[in-house]
Amino acid sequence: MADSAQAQKLVYLVTGGCGFLGEHVVRMLLQREPRLGELRVFDRHLGPWLEELKTGPVRVTAIQGDVTQAHEVAAAVAGAHVVIHTAGLVDVFGRASPETIHEVNVQGTRNVIEACVQTGTRFLVYTSSMEVVGPNTKGHPFYRGNEDTPYEAVHRHPYPCSKALAEWLVLEANGRKVRGGLPLVTCALRPTGIYGEGHQIMRDFYRQGLRLGGWLFRAIPASVEHGRVYVGNVAWMHVLAARELEQRAALMGGQVYFCYDGSPYKSYEDFNMEFLGPCGLRLVGARPLLPYWLLVFLAALNALLQWLLRPLVLYAPLLNPYTLAVANTTFTVSTDKAQRHFGYEPLFSWEDSRTRTILWVQAATGSAQ
Ligand SMILES: NC(=O)c1ccc[n+]([C@@H]2O[C@H](COP(=O)([O-])OP(=O)(O)OC[C@H]3O[C@@H](n4cnc5c(N)ncnc54)[C@H](O)[C@@H]3O)[C@@H](O)[C@H]2O)c1
Ligand SMILES: CC(C)CCC[C@@H](C)[C@H]1CC[C@H]2[C@@H]3[C@H](O)C=C4C[C@@H](O)CC[C@]4(C)[C@H]3CC[C@]12C
């Protein structure tokens with residue numbers, strides 16, 4: 001990747017490449033990374049859409065594997081120049097056990113780092129999360145903060161705990177000597193709530209609204225800002241960060257970057273209505289229809305039911321004490337660190353992001369009705 005070898009073709013590996021974000025990263029690399037020679041897509045569940053990519057000019061290698069299996073990860077990483085590690089178990093609903101979340105998110109990340117060190121891969125971009133910072137369990141607002149804004153990060157839920165630990169492992173590994181003696185260069189990207197084509201929770205809200213005759217009922221005050229970022233821009237930020245890591249190793253190595261774009265600051269529900277409104281849904285109430293104490297009670301009841309029913313059936317509703325706290329605590333970012341460090345500018349405007357997402361909701365739900 002030195003100047004003299006500008007034309008060198010590179011091997012990229014994307015873990016979790018068949019997930020919501022991973023698919024966008026894979027497609028973005030194919031569209032926007034001119035030095036891409038081979039693209040390895042590693043995931044526990046491979047998507048059928050990968051087949052169509054195999055007919056293009058870049059070699060696309062689909063690898064079914066599990067990040068918790070060190071030997072599978074090492075085999076996939078061997079010979080790769082760059083790893084984008086986006087695989088993770090995203091679970092804030094209590095579907096998976098805390099042990100499984102830790103195993104995938106923390107041990108899986110450890111396996112990726114060790115594979116880079118052992119096989120000589122030098123560049124690693126990790127998909128972290130805003131939840132590494134917050135919202136914290138005390139409900140402190142993080143209002144349009146940046147990477148240096150002081151905030152009391154307190155993690156109790158297994159998912160943010162696992163993301164925080166994994167991010168720390170990645171940053172700490174920056175500078176470790178990889179096979180061949182050169183230093184590993186790492187950075188972590190922290191998306192806020194990602195939306196866009198493929199966002200399952202958005203689709204779930206749409207279906208729920210349809211079941212309720214086209215109405216959704218406000219639960220969270222409109223004044224609570226929740227950070228959101230378009231999936232295409234998150235993918236683009238990954239591609240740029242991976243591309244620039246070598247040339248800007250001293251600046252970017254060991255750094256964290258929030259993922260941001262021009263998406264407006266709104267509450268979680270008002271933001272969703274930007275897409276669900278044009279699809280025919282209406283959000284009822286200028287204020288929450290239920291008092292907050294009742295939501296807290298219902299969330300606690302859901303948690304209790306989940307615990308009681310666990311031996312019999314998996315009960316994992318959207319509302320639980322943790323999701324209520326996240327939705328009900330202002331957490332938004334305002335930063336230009338990625339722009340200053342590696343020239344990131346959003347590829348998609350807010351209007352584009354909105355239109356693409358609306359079209360996806362319409363198409364995805366149209367076929368599912
Ligand atoms: N969705 C969001 O709003 C959001 C926000 C911030 C950060 N993130 C992070 O972005 C990453 C991708 O999230 P997503 O929303 O696309 O989730 P996703 O569930 O759609 O994608 C995760 C992918 O990882 C794969 N995977 C899970 N366990 C694996 C294992 N053991 N081995 C190999 N592959 C495995 C899954 O099969 C899936 O394809 C995650 O690391 C997540 O923590 C997501
Ligand atoms: C209280 C109810 C009415 C609404 C419940 C909404 C709830 C399911 C939503 C609200 C906020 C969402 C999280 C947020 O966008 C950011 C992330 C970070 C990411 O790393 C994983 C996904 C997650 C936790 C979103 C999950 C769904 C949440 C909690």
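In the class counts below, Ala, Val, Leu, Ile, Met, Phe, Trp, Tyr, Cys and Pro count as nonpolar, Asp, Glu, Lys and Arg as charged, and the others, Gly among them, as polar. The model shown in these views is predicted.

**Figure 1. Residues around ligand 1.** The shell of ligand 1 is made of 25 residues. By class, 10 of these residues are nonpolar, 11 are polar and four are charged. Leu21, Asp43, Asp66, Tyr159 and Lys163 are the closest to ligand 1. Helix α1 (20-32), helix α5 (158-172) and strand β8 (193-195) each contribute at least two residues to this shell.

**Figure 2. Polar contacts of ligand 1.** Two of the contacts shown involve nitrogen and one involves oxygen of the ligand. A polar side-chain atom of Asp66 is 2.8 Å from a nitrogen atom of ligand 1. For Arg44 the contact is made by the backbone: one of its polar backbone atoms lies 3.3 Å from a nitrogen atom of ligand 1. Tyr159 uses its side chain, where an N or O atom is 2.6 Å from an oxygen atom of ligand 1. On its own, ligand 1 has 830 Å² of accessible area, and the protein covers 85% of it.

**Figure 3. Residues around ligand 2.** Ligand 2 is surrounded by 17 residues, of which Ser129, Glu131, Tyr159, Gly193 and His226 come nearest. The classes in this shell are 12 nonpolar, four polar and one charged. Which helix supplies the largest share of the shell around ligand 2? Helix α11 (residues 321-327) does, with four residues. Tyr159 is listed among the nearest residues here, and also among the closest residues of ligand 1.

**Figure 4. Polar contacts of ligand 2.** Three side chains are shown, each with an N or O atom facing the ligand in the distance list that follows.
- Tyr159: its side-chain N or O atom is 2.6 Å from an oxygen atom of ligand 2.
- His226: the distance from a side-chain N or O atom to an oxygen atom of ligand 2 is 2.7 Å.
- Glu131: a side-chain N or O atom lies 3.4 Å from an oxygen atom of ligand 2.

Of the 620 Å² of accessible area that ligand 2 has on its own, the protein covers 89%.

**Figure 5. Cysteines without disulfides.** A disulfide is a covalent bond between the sulfur atoms of two cysteines. The count of disulfides in this model is zero. Cys187 is in no disulfide, and the nearest cysteine sulfur, that of Cys259, is 9.7 Å away. Is Cys187 buried or exposed? Cys187 has a relative accessible area of 0%, so Cys187 is buried. Cys161, with a relative accessible area of 31%, is partly exposed.

**Figure 6. The ring pair of Phe142 and Tyr151.** The model has 15 aromatic pairs. In one of them, the ring centres of Phe142 and Tyr151 are 5.3 Å apart. Their planes meet at 90°, so the pair is edge-to-face. Phe142 is buried, at 2% relative accessible area. Tyr151 has 19% relative accessibility and counts as buried because the limit is under 20%.

**Figure 7. Phe275, Trp350 and a ring cluster.** The ring centres of Phe275 and Trp350 lie 6.0 Å apart, and with planes at 70° the pair is edge-to-face. This pair links distant parts of the chain, since Phe275 is in helix α9 (residues 268-276) and Trp350 is in helix α13 (residues 350-368), 75 residues apart. Both Phe275 and Trp350 are buried. Ring pairs join Phe275 and Trp350 with Tyr195, Tyr230, Phe271 and Phe348 in a cluster.

How values were computed:
Residues are numbered from 1 along each chain as its sequence is written. Chains are lettered from A and ligands numbered from 1 in the order in which they are written. This is a predicted model: local features need pLDDT of at least 70, side-chain atom pairs count only at pLDDT 80 or more; totals for chains, interfaces and linings use all residues. Side-chain values use heavy atoms; hydrogens and water are left out. A residue is near a molecule or strand if one of its heavy atoms lies within 4 Å of it. A polar contact is a pair of N or O atoms within 3.5 Å; within protein, one must be able to donate a hydrogen and the other to accept it, and residues adjacent in sequence count only if both atoms are side-chain atoms. Accessible areas come from the Shrake-Rupley method with a 1.4 Å probe; for residues, only the protein chains shown count as cover. A disulfide is a pair of cysteine sulfur atoms within 2.5 Å. Buried means under 20% relative accessible area, exposed over 50%, partly exposed in between (1.4 Å probe, protein chains only). Rings of Phe, Tyr and Trp (its six-membered ring) pair if their centres lie within 6.5 Å; planes under 30 degrees apart count as stacked, over 60 as edge-to-face and the rest as tilted.
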